[in-house]
Amino acid sequence: MRIVSVLFLIVLVGCGGPEARRPVEVKSGSFFKQSVKRSKELLAKEEKMIQDIIDRDTVHEYAHSASGSWFYYDVKNDTDEYTPQTDDLVVMSYNLVGFNNDTIYSMDDIGVLKYKVDKQELFPGLRNSVKMLKEGETATFLFPSSLAYGYHGDNDRIGINVPVKATVSVMKIEKKEDQEAAE
C-alpha cells in the first residue's frame with residue numbers, strides 16, 4: 001500500500017502543466033522607439049522644408065493630399081470627372097527634381113509610361129498621385145522622403161531619405177472595361 005501511495009504522490013506532482021519557456025534574451029523595444037522618434041523628426045524637418053517652398057512660391061496655390069503630399073495644378077481639366085481606378089491603364093510621364101530644383105530624372109530620362117493602376121510598382125507618392133489626376137492634367141507634387149524612395153533610395157541617383165518634387169502628366173486613361181471590350 002505504501003508503494004501505491006508513493007506512486008500516486010509522484011504521479012500527482014508530475015502532472016503539473018508544462019512550464020512556459022522564458023526568452024534567452026529580453027528585448028526592451030528601445031530600438032523601435034528610437035526608430036519611430038527618428039522617423040517623426042525626419043518627417044517634421046521635411047514638412048518644414050515643404051512649407052518653406054510653399055511660402056516662397058507666390059505663383060501657385062497648393063493643396064494637401066490625403067496621402068501626405070502637397071501639390072498644385074500646372075494644367076487642370078475641368079471638363080472630365082473620371083480619375084484612374086484600379087486596373088485602368090494610364091499613359092503618363094513624370095520627372096523628379098530635388099527640393100533645390102536640381103534635376104534627378106527628367107521626363108526624357110524616364111520617358112512615357114503605361115501604368116496599370118495599383119498593379120505595377122511605382123514609389124508610394126506617385127502611385128497615389130496618379131489616381132488624383134484626370135486625363136490631360138499635369139500637377140507638381142512635393143513628396144517627403146517617406147512617400148518617395150525612403151530610407152533606401154533608388155540605388156542610383158536618389159539617396160537615403162531624399163524628399164522630391166515630381167511633375168506628373170496624365171495623357172490618357174484607358175478604363176478597365178474598355179480594355180476588356182477590346183480583347
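Biologist: In this predicted model, why is Asp87 called buried?
Modeller: Asp87 has a relative accessible area of 16%. Buried means under 20%, so Asp87 counts as buried.

Biologist: And why is Lys119 called exposed?
Modeller: The relative accessible area of Lys119 is 53%. Exposed means over 50%, so Lys119 qualifies.

Biologist: What makes Lys119 and Asp87 a salt bridge?
Modeller: Their closest N and O atoms are 3.9 Å apart. The cut-off is within 4 Å, so the pair counts. Lys119 sits in the loop between strand E5 and helix H4, and Asp87 in the loop between strand E2 and strand E3, so the bridge ties together parts 32 residues apart in sequence.

Biologist: Which residues are linked with Asp87 in a network of salt bridges?
Modeller: Lys119 and Lys176. Lys176 forms a salt bridge with Asp87, with the closest N and O atoms 3.6 Å apart. Lys176 lies in helix H5, so this pair ties together parts that are 89 residues apart in sequence.

Biologist: Why is Lys176 called partly exposed?
Modeller: Its relative accessible area is 32%. Partly exposed lies between the 20% and 50% limits, so the label fits Lys176.

Biologist: How do you know that Asp154 has no salt bridge?
Modeller: The nearest side chain of opposite charge, Arg157, is 6.7 Å away. A salt bridge must be within 4 Å, so Arg157 does not qualify.

Biologist: What makes the pair of Asp154 and Tyr105 a polar contact?
Modeller: Their side chains make the contact at 2.5 Å. The limit is 3.5 Å, so the distance fits.

Conventions
Residues are numbered from 1 along each chain as its sequence is written. This is a predicted model: local features need pLDDT of at least 70, side-chain atom pairs count only at pLDDT 80 or more; totals for chains, interfaces and linings use all residues. Side-chain values use heavy atoms; hydrogens and water are left out. Buried means under 20% relative accessible area, exposed over 50%, partly exposed in between (1.4 Å probe, protein chains only). Lys and Arg count as positive and Asp and Glu as negative; His and the chain ends are not counted. A polar contact is a pair of N or O atoms within 3.5 Å; within protein, one must be able to donate a hydrogen and the other to accept it, and residues adjacent in sequence count only if both atoms are side-chain atoms. Helices (H or I, at least four residues) and strands (E, at least two) are DSSP runs, numbered from the N terminus.
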